[in-house]
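User: I would like to learn how to read strand order, helix packing and burial from a structure. Could we work through one case together?

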Amino acid sequence: MGAQTRERRIVSTQKWAISPLLVALCLVIGAVSGSAQSRVRVKPDISDCLNVRSRPETSSASKTCLAPGTEAEVRDSVPYWLRIRVDGGTVGWAAKRYLVGIEASTPSPAEPSPAVAAQANAWLEVHVVDVGQGDGIWIHTFDDSVRGNGMFEGKNIVIDGGPDASDDKNEMLHYLQRRLPDGSLIDALIITHPHDDHYPGAAGVLNHFEISDYYDPAYPKEGPKYNNFLALVGSEIARGQPIRLHMGKAQFGVPDWGSELKPEFLYSYPGNPSGLGSGNTLENNASIVLKLTYGDVSFLFMGDAEGKNRSDPPTTPKYAERILLNEFPASRLKSTVLKIAHHGSESSSTLPFIQAVDPEIVLVSSGRKVFAGTFIPDRSTLQRYCAHNPRIRIYRTDQDDEAEHRTTADDQDGDNIVVRTNGKTVQVQAFSNGHPLPAPTACSP
Ligand SMILES: [Zn+2]
Ligand SMILES: [Zn+2]
């Protein structure tokens with residue numbers, strides 16, 4: 001892909017209108033220019049009227065309340081909410097579940113069309129939550145309000161849960177609770193590997209939401225802590241059905257998260273530790289590696305998969321990166337957005353791997369914890385990405401944490417990253433202490 005194309009596709013996020021009052025809770029996304037406009041109608045079975053709110057959250061002020069049958073024009077979409085314009089000019093947010101799509105040209109109540117037929121409005125969102133040192137990622141597919149047609153079903157996918165099992169400190173849980181309606185279904189919980197910075201917080205997600213499918217690398221982790229967690233997973237009931245367990249790559253299959261989305265489990269623990277190192281290195285190399293493709297845009301989620309020892313030169317891949325490079329041509333690894341491996345540690349991101357993935361956007365999930373005498377991400381790792389392509393933009397969940405003298409006790413401070421794509425363009429909004437950051441202008445290690 002040429003440089004000009006890249007530049008066109010990565011849209012600066014500054015057009016997103018963010019209210020300072022809102023930033024800790026949710027995103028407000030400005031009208032998407034140039035997209036086809038679709039119309040919706042308030043469902044007839046609503047008891048009273050449908051509030052049109054100033055922000056996409058039930059606690060925000062109501063601007064107006066629409067009677068059943070009222071029509072409106074769709075301006076934008078975020079998980080569970082549509083931004084609509086009512087005849088008369090009022091623009092605000094209404095809960096998607098109370099709206100049904102109508103065909104602008106050929107109205108046909110018997111066959112409701114998608115609420116938002118225009119692909120330009122069909123945003124997939126990926127939220128990298130600031131869980132401190134660890135990983136916690138929420139993916140929400142676009143919901144067109146048409147149930148059961150197999151696409152745009154508003155699926156929730158969670159990759160890892162961060163380090164905090166207790167409800168009061170569990171930032172992954174809090175983040176989801178602020179955005180998902182009570183009783184929401186999580187369609188997939190993926191624990192990349194059984195390290196303490198990846199799975200404990202998922203216990204809170206299990207306790208407060210219903211999870212239908214669980215994916216685990218089936219690495220033989222010893223000791224009671226992880227096995228207690230697995231017992232909690234095994235007792236989960238979602239929509240009256242026991243959770244479906246996918247233990248090990250052979251049981252992963254190809255999940256159905258909507259026909260618009262192509263998920264690929266590229267790697268997971270192969271069942272044999274040979275060639276994967278020992279101790280923490282081995283456990284990191286058990287990580288589930290997931291690729292998601294939506295239209296022209298792809299995401300690669302690396303877990304903590306490694307590519308070398310810390311002291312090795314970055315020229316020769318080992319471990320999981322070697323296996324990925326041996327198994328797949330570069331075209332299969334190539335991804336628009338890379339959730340960098342192992343919090344940006346020097347033990348991952350070898351040069352051949354960076355060349356193959358060739359990302360445009362790099363997401364780093366990291367906090368303030370010393371590993372082997374150093375904080376991660378390693379500057380040297382990020383420098384390799386900038387040297388590969390100075391147009392790469394790097395976003396971090398440890399944004400400003402060092403300057404703020406944060407420690408593992410207080411590094412969960414709202415440095416979240418929200419990526420959304422309609423399969424063509426990609427928009428990124430990163431936050432520092434809950435405040436939206438301007439788009440970066442250069443690749444900065
Ligand atoms: Zn980790
Ligand atoms: Zn790890």
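The dialogue below takes up a sheet, a helix that lies across part of that sheet, and two single residues.

Analyst: Please keep in mind that this is a predicted model.

User: Let us begin with the sheet; in what order do its strands lie, and is the sheet open or closed?

Analyst: To read a sheet, one follows the pairing from strand to strand. Here the sheet is open and has 6 strands, in the order S19-S20-S21-S22-S23-S26, and the pairing is mixed. Because S19 and strand S26 (393-396) each have a single partner strand, they stand at the edges, and one side of each is left without a neighbour in the sheet. From one strand to the next, the twist averages 15 degrees.

User: How many bridges join S20 to S21, and do these strands run parallel or antiparallel?

Analyst: S20 and strand S21 (residues 297-301) run antiparallel and are joined by 5 bridges. For a view at the level of residues, one can look at Thr293, which stands opposite Ser298 in S21.

User: Which strands does helix H6 lie across, and which of its residues are buried?

Analyst: For a helix on a sheet, one reads the crossing angle together with the residues that are covered. H6 lies across S19 and S20, and runs at about 120 degrees to S19. Within H6 (residues 319-327), the buried residues are Tyr319, Ala320, Glu321, Ile323 and Leu324. The elements that cover these buried residues include strand S19 (261-267) and strand S20 (289-294), as well as helix H7 (330-333) and helix H8 (351-357).

User: Turning to single residues, why does Ser259 count as buried or exposed?

Analyst: Burial is read here by counting neighbours, and a residue is exposed if 12 or fewer other C-beta atoms lie within 10 Å of its own. Ser259 has 11 C-beta neighbours inside 10 Å, and therefore counts as exposed. Ser259 belongs to the loop between strand S18 (244-247) and S19. Beyond its neighbours within four places in sequence, Ser259 is in contact with Gly150 and Met151, while Phe152, 107 residues apart from Ser259 in sequence, is 7.7 Å apart from Ser259 in space, C-alpha to C-alpha.

User: And where does Asp213 lie, and is Asp213 buried or exposed?

Analyst: Asp213 lies in strand S15 (residues 213-216), and is buried because 21 other C-beta atoms lie within 10 Å. Residues up to four places away in sequence aside, Asp213 touches Asp187, Ala188, Ile243, Arg244, His246 and Pro255. Of these contacts, Pro255 is 42 residues apart from Asp213 in sequence and 9.3 Å apart in space, C-alpha to C-alpha.

Note on methods. Residues are numbered from 1 along each chain as its sequence is written. Chains are lettered from A and ligands numbered from 1 in the order in which they are written. This is a predicted model: local features need pLDDT of at least 70, side-chain atom pairs count only at pLDDT 80 or more; totals for chains, interfaces and linings use all residues. A residue is buried if 20 or more other C-beta atoms lie within 10 Å of its own, exposed if 12 or fewer, and partly exposed in between; C-beta atoms are placed from the backbone. Helices (H or I, at least four residues) and strands (E, at least two) are DSSP runs, numbered from the N terminus. Two residues are in contact if their C-beta atoms, placed from the backbone, lie within 7 Å. Two strands pair if DSSP finds at least two bridges between them. Axes are lines fitted to C-alpha atoms, for helices over the stretch in contact, and angles run from 0 to 180 degrees between N-to-C directions.
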